[in-house]
Amino acid sequence: MKHLSAVGIVSLLALVGCENSSRLDKTTKPVPTAEAPGATPPGPTKVDRAGTLEERVARLEDTLAKNAEALDFLNKVYAQQKAQQQAQQREEAAPDAMFAVDISQNVKAGLVEGSPQALVTIVEAWDFA
């Protein structure tokens, strides 16, 4: 019974004590739209195909000149990532790679099992660590 009354009191205090208004309800700034200066449209921009060929090329050149610094940065980052990827691929072994170890000293020392003329030689290794 004590628990039920405690839950009821806490619920009542939560309902009465919570503020139902927000400071955001009183804002007077308008929501930025695509027509507002400095606002960027949320989605992809529509391509302007109006005008003559010369006007369209001029618009493309202006856009390229405006974004030249950003494009240069992106090209540098892409080249760096590509170089890292190629370096990583060079360091990785091929799936069909074969590795060999020089065992001539071990064969001379007699640390082998089987015939020295065998195609596969097993070298004994002892680790006393």
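For this tour, Ala, Val, Leu, Ile, Met, Phe, Trp, Tyr, Cys and Pro count as nonpolar, Asp, Glu, Lys and Arg as charged, and the others, Gly among them, as polar. Keep in mind as you look around that this is a predicted model.

**Stop 1: the whole chain.** Show the protein chain as a cartoon and follow it along the sequence: the pattern reads α-α-α-α-β-β, with four helices and two strands. Now switch on the surface. The chain exposes about 12,900 Å², and carbon and sulfur atoms supply 60% of that area. Of the 129 residues in the chain, buried residues make up 0%.

**Stop 2: the largest pocket.** Next, select K46, V47, D48, R49, L53, R56, V57, R59, L60 and T63, the residues that line the largest pocket. The volume of this pocket is about 250 Å³. Try coloring your selection by residue type: how many residues of the lining are nonpolar, polar and charged? The lining divides into five charged, four nonpolar and one polar.

**Stop 3: a nonpolar patch.** Clear the selection and pick L64, L71, F73 and L74. Together they make a nonpolar surface patch of about 410 Å². Which helix gives the most to this patch? Select residues 68-91 to find out: this is helix α3, which contributes three residues.

**Stop 4: one residue of the patch.** Finish by zooming in on L71, which sits in helix α3. Is L71 buried or exposed? The answer lies in between: L71 has a relative accessible area of 37%, so it counts as partly exposed, a class that runs between the cut-offs of under 20% for buried and over 50% for exposed.

Conventions. Residues numbered from 1 in each chain as written. Predicted model: local features only at pLDDT ≥ 70, side-chain atom pairs only at ≥ 80, totals over all residues. Heavy atoms only, no water. Patch = residues over 30% accessible without salt bridge, like charges linked within 9 Å, V, L, I, M, F, W, Y side chains within 5 Å. Areas by Shrake-Rupley, 256 points an atom, 1.4 Å probe, with all protein chains shown as cover. Salt bridge = Lys/Arg side-chain N within 4 Å of Asp/Glu carboxyl O. Buried < 20%, exposed > 50% of the residue type's maximum accessible area, 1.4 Å probe, protein only. 1 Å grid on protein atoms, 1.4 Å probe; cavity = no way out; pocket = protein on both sides within 12 Å on 5 of 7 lines; lining within 4 Å. Points joined across faces, edges and corners; volume = space filled by probe spheres on them.
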